[in-house]
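Biologist: Hello! I am new to this one and would love a close look at a single part, the aromatic rings.

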Amino acid sequence: MVHAPPRPPADAPPVRVNLYSDTQTRPTAAMKQAMMAAEVGDEQAGLDPTVDALCDRMAALLGTEAAMFLPSGTMCNRVALLTHCRPGDAVLAHETAHILTAEGGGAAALGGVQITPLPGAGGQFDEATLTAAIAPRWRYGTPQTLVAVEQTSNLGGGTVWPLARLRAVAEIAHAHGMATHMDGARLLNAVVATGVPAAEMAAGYDSVWLDFTKGLGAPLGAVLGGSADFVDRAWVWKQRLGGSMRQAGLCAAACLHALDHHVARLAEDHANAAALARGLAQIEGITVEAPQTNLVFFDTRGTGRRAAELAARLRAAGVLVSAMGEWRGRACTHLDVDRDGIDIAVAAMRAAVAA
Ligand SMILES: *Cc1c(COP(=O)(O)O)cnc(C)c1O
């Protein structure tokens, strides 16, 4: 039995503040206008000028030779791992990595690729942990071919990998003959939080992608970058997985609009996350992990109420958060949440804990 997410009851009150995920942003009126005005063509045949414009712009932003447009971030990870690895190969990644915990086992199911989970605080492993996990190459060993990092780390708490550690990890990987992959679902959150340009963060990574459906607010789409040779080989997997598209410029236009209008404002999401963290921390029994970007993780153990119970009580007050573990909850800020929404959410949590 595979569990579907519960449908909200028909009599559920309207959602006032949606902190469930930054994937739940809706395209703005201006974004929809940009989509309607897009010049389009057959993307699979290389004839969509808007997709080409997006890929060129993303290659420049990420500092890669080439880039490709894909329907989702999950498909970017899938295509990248399948392009880098052969069946039986191992990828070294953090134990909370999206590729390991949230992609239906796709790396193994579709590529015969195994993922070796590495420990470490905040969704990050350090140089010593990586080095210790690298096995000597010999005839009987598992071929370790790729090291993957997540910038920012989702389940690690929206944490930003420091530049020095990113560089060191890439150097260790390359020194051992492994390729490097950056899951940059929220890469621009890291960029806005630190002021370090995306290309600098991605330097040393053989593949890197950005999601447009998180805080950037597009309805679908993600862009995967790498060398021209990598992207060329990745196209085979894009086609095999059914990820080639037709008039995809409609969606690429939403992504271009997001690059123009929704990047600098990520700073507001980070400020709102900090305000939310401050508010939640003042509630008796709630412990908050200090946010670095737009994800606020909190522990409910001190209230005696499980995360799912508090989430249900908040839902009844029109506030959505997610339960990520028995006692761990997550609230995401994004472009559909303003400061008033933060105040409403904090008041609702206070009432939910006290009730
Ligand atoms: C959301 C997410 C993905 C998957 O992206 P989709 O566009 O939802 O498929 C991959 N990695 C991380 C870290 C994410 O947060």
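To begin, does Trp 161 count as buried or exposed, and at what relative accessibility?

Modeller: Happy to help! This is a predicted model, where local features need pLDDT of at least 70 and side-chain atom pairs count only at pLDDT 80 or more, while totals for chains, interfaces and linings use all residues. Residues are numbered from 1 along each chain as its sequence is written, and side-chain values use heavy atoms, leaving out hydrogens and water.

Trp 161 counts as buried, with a relative accessibility of 1% (buried is under 20% relative accessible area, exposed over 50% and partly exposed in between, with a 1.4 Å probe and protein chains only). Its ring partner, Phe 125, is buried too, at 0%.

The model has 2 aromatic pairs: rings of Phe, Tyr or Trp (its six-membered ring) with centres within 6.5 Å, called stacked if the planes are under 30 degrees apart, edge-to-face if over 60, and tilted otherwise. Phe 125 and Trp 161 have ring centres 5.1 Å apart and planes at 75 degrees, so they are edge-to-face. This pair links distant parts of the chain, 36 residues apart. Phe 125 lies in the loop between β4 (114-118) and α6 (127-133), and Trp 161 in the loop between β5 (144-150) and α7 (163-175); helices (H or I, at least four residues) and strands (E, at least two) are DSSP runs, numbered from the N terminus.

The other pair is Trp 138 with Tyr 140, whose centres are 4.8 Å apart with planes at 80 degrees, so these rings are edge-to-face as well. Here both residues are exposed.
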